[in-house]
Every structure is written in C-alpha cells, then in structure tokens.
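Grab a pencil and work through these exercises with the structure open beside you. Try each task yourself before you read its solution.

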Amino acid sequence: NNTFATSDVEILNSTISSNTDVGIRVASATPDFTGLLIDGCTVSSNGTYGFVSNPSQDNLNINTGFVIRNSAFTGNNTLGGGANHIMFFGSFSGTATISNVDITADTRAYGIVFNGAKNAGDTWPAAGNIVMNDLVFNGTIDKSSIYFYRYSTLANVSMTDVDMSGLASL
C-alpha cells in the first residue's frame, strides 16, 4: 500500500498471470492516482480480479486518467467469488478509457464494474468521462457484462462497438 499520491504509471506489453489474488491493483490506501496506462498486456488466470482500483472504497481518493487498451483479460476470478469482477473501479468518479480489449470469462461475477459511491446512503457523484470502444466479450458471465451503480448520472459515459454476442449465462 502507498500513502503518497501516484501518477503516470505505465504497464506495457506484459503478462500478468496466475496470481493468487489480484492481477493489477490500485490500493485503497493510495490517496490519489492520476494516470495509469495498461497497454498491450495479457491479464489472465488471477485468483480474484484482473484489475481493481480502490477495492475497499474506504477513502475518497481521486483515481483518474486510467487507460486500458490493446489488451486481453482472460480467465480471471479463478477462485469463483461472486464479488470478484474482471475489472472493478471502486468509488470512481474520474476518467477512464477502455479500448480494443478482449475479455474472456467464466465467472460468477460481473465483467466491468464502475461504482460511484461506497454506500447507498452516500452522495452519489456524476460518472466521470468514461469511454469504452471496441470491447469484445466471450465466455460466460453470471451477472452483467458492464455494470454502473451509485451514480447520479451517466451522461459522461459513451460506448462504441461493444460486442457481447459471444457471452452465455452460467
């Protein structure tokens, strides 16, 4: 865990696989995280999440400028937990772009989750600028492929060429 603000992190052309827990994690204890690029990576066969940002949602950190592109997320959540999603953006009101990403799943959880507020009674923020382009889902997902919750508005969200035709329910 990091107690200092972090910026401009790049994970390029890497294979992140077979971790007993998370593939890529931005810890909740990181106060601010601005600028994360995951490009040309394969994230596979990790025990829980493929990618997670602010998993415990215990602080009001600012996570923004996240870009995940030209990558594949395959077979994550090998432990089969119902709350271990392929990608999870917790208490997230920043900007994110996910483009040219293939997701192959066999999971009892959600595909990509954006959560605006930790609790139902909290003030719900507007979603930040979230762009999803050229996503292809295959395999089985027990819950929604893309799930937004606890936002006051999704006016800043756009999706183009998101293909879920290769999915089946568990």
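**Exercise 1.** In which loop is the place of Ser-45?

*Solution.* Keep in mind throughout that you're looking at a predicted model.
- Step 1: Find strand E5 (42-44) and strand E6 (51-53); Ser-45 sits in the loop between them.
- Step 2: Check the backbone. Ser-45 isn't a glycine, yet its phi is positive, at about 55°.
- Step 3: Check the surface. Buried means under 20% relative accessible area and exposed means over 50%, with partly exposed in between. Ser-45 has 34% relative accessibility, so it counts as partly exposed.

**Exercise 2.** Work out whether Asp-161 is buried, partly exposed or exposed, and say which strand holds it.

*Solution.*
- Step 1: Locate the residue. Asp-161 belongs to strand E13, which covers residues 157-168.
- Step 2: Look at phi. For Asp-161 the angle is near 55°, a positive value in a residue that isn't glycine.
- Step 3: Use the cut-off again. Asp-161 counts as exposed because its relative accessibility is 56%.

**Exercise 3.** Describe the overall fold: how many helices and strands does the protein have?

*Solution.*
- Step 1: Count the elements. You get zero helices and 13 strands. Reading along the sequence gives β-β-β-β-β-β-β-β-β-β-β-β-β.
- Step 2: Judge the compactness. The radius of gyration is 15 Å, close to the 15 Å from the globule rule for 170 residues, so the protein is as compact as a globular protein of that length.
- Step 3: Box it in. Along the principal axes, the C-alpha atoms fill roughly 35 × 30 × 30 Å.
- Step 4: See how the chain meets itself. Of the contacts between residues at least 6 apart in sequence, 85% join residues at least 24 apart.
- Step 5: Look inside and outside. Of the 170 residues, 46% count as buried. The accessible surface comes to about 7,500 Å², and 48% of that belongs to carbon and sulfur atoms.

**Exercise 4.** Which residues touch the most other members of the largest nonpolar core?

*Solution.*
- Step 1: Take the 33 residues of this core and pick out Phe-51, Met-87, Phe-89, Ile-98, Ile-112 and Phe-114.
- Step 2: Ask where the core residues come from. Among the elements that give two or more are strand E4 (32-39), strand E7 (62-74), strand E9 (96-107) and strand E11 (130-141).
- Step 3: Zoom in on Phe-89. Leaving aside neighbours within four places in sequence, its contacts include Phe-51, Phe-66, Ile-98, Ile-112 and Phe-114.
- Step 4: Don't miss the other core. It has six residues, including Val-22, Phe-88, Tyr-110 and Val-113, and lies apart from the largest core.

**Exercise 5.** Compare Val-131 with Pro-125 by element, accessibility and contacts.

*Solution.*
- Step 1: Place them. Val-131 lies in strand E11, while Pro-125 is in the loop between E10 and E11.
- Step 2: Classify them. Val-131 is buried because its relative accessible area is 17%. Pro-125 counts as partly exposed, since its relative accessibility is 22%.
- Step 3: List contacts beyond four places in sequence. Val-131 touches Ala-96, Thr-97, Ile-98 and Ser-158. Pro-125 has contacts including Ser-93, Gly-116, Arg-150 and Tyr-151.
- Step 4: Read the C-alpha distances. Val-131 and Met-159 are 28 residues apart in sequence and 6.0 Å apart in space. Pro-125 and Ala-96 are 29 residues apart in sequence and 15 Å apart in space.

Methods. Residues numbered from 1 in each chain as written. Predicted model: local features only at pLDDT ≥ 70, side-chain atom pairs only at ≥ 80, totals over all residues. Heavy atoms only, no water. Core = buried A, V, L, I, M, F, W, Y, C linked by side-chain atoms within 4.5 Å. Buried < 20%, exposed > 50% of the residue type's maximum accessible area, 1.4 Å probe, protein only. Helix = DSSP H or I, 4+ residues; strand = E, 2+ residues; numbered from the N terminus. Contact = heavy atoms within 4.5 Å. Rg over C-alpha atoms; globule rule 2.2 N^0.38 Å. Areas by Shrake-Rupley, 256 points an atom, 1.4 Å probe, with all protein chains shown as cover.
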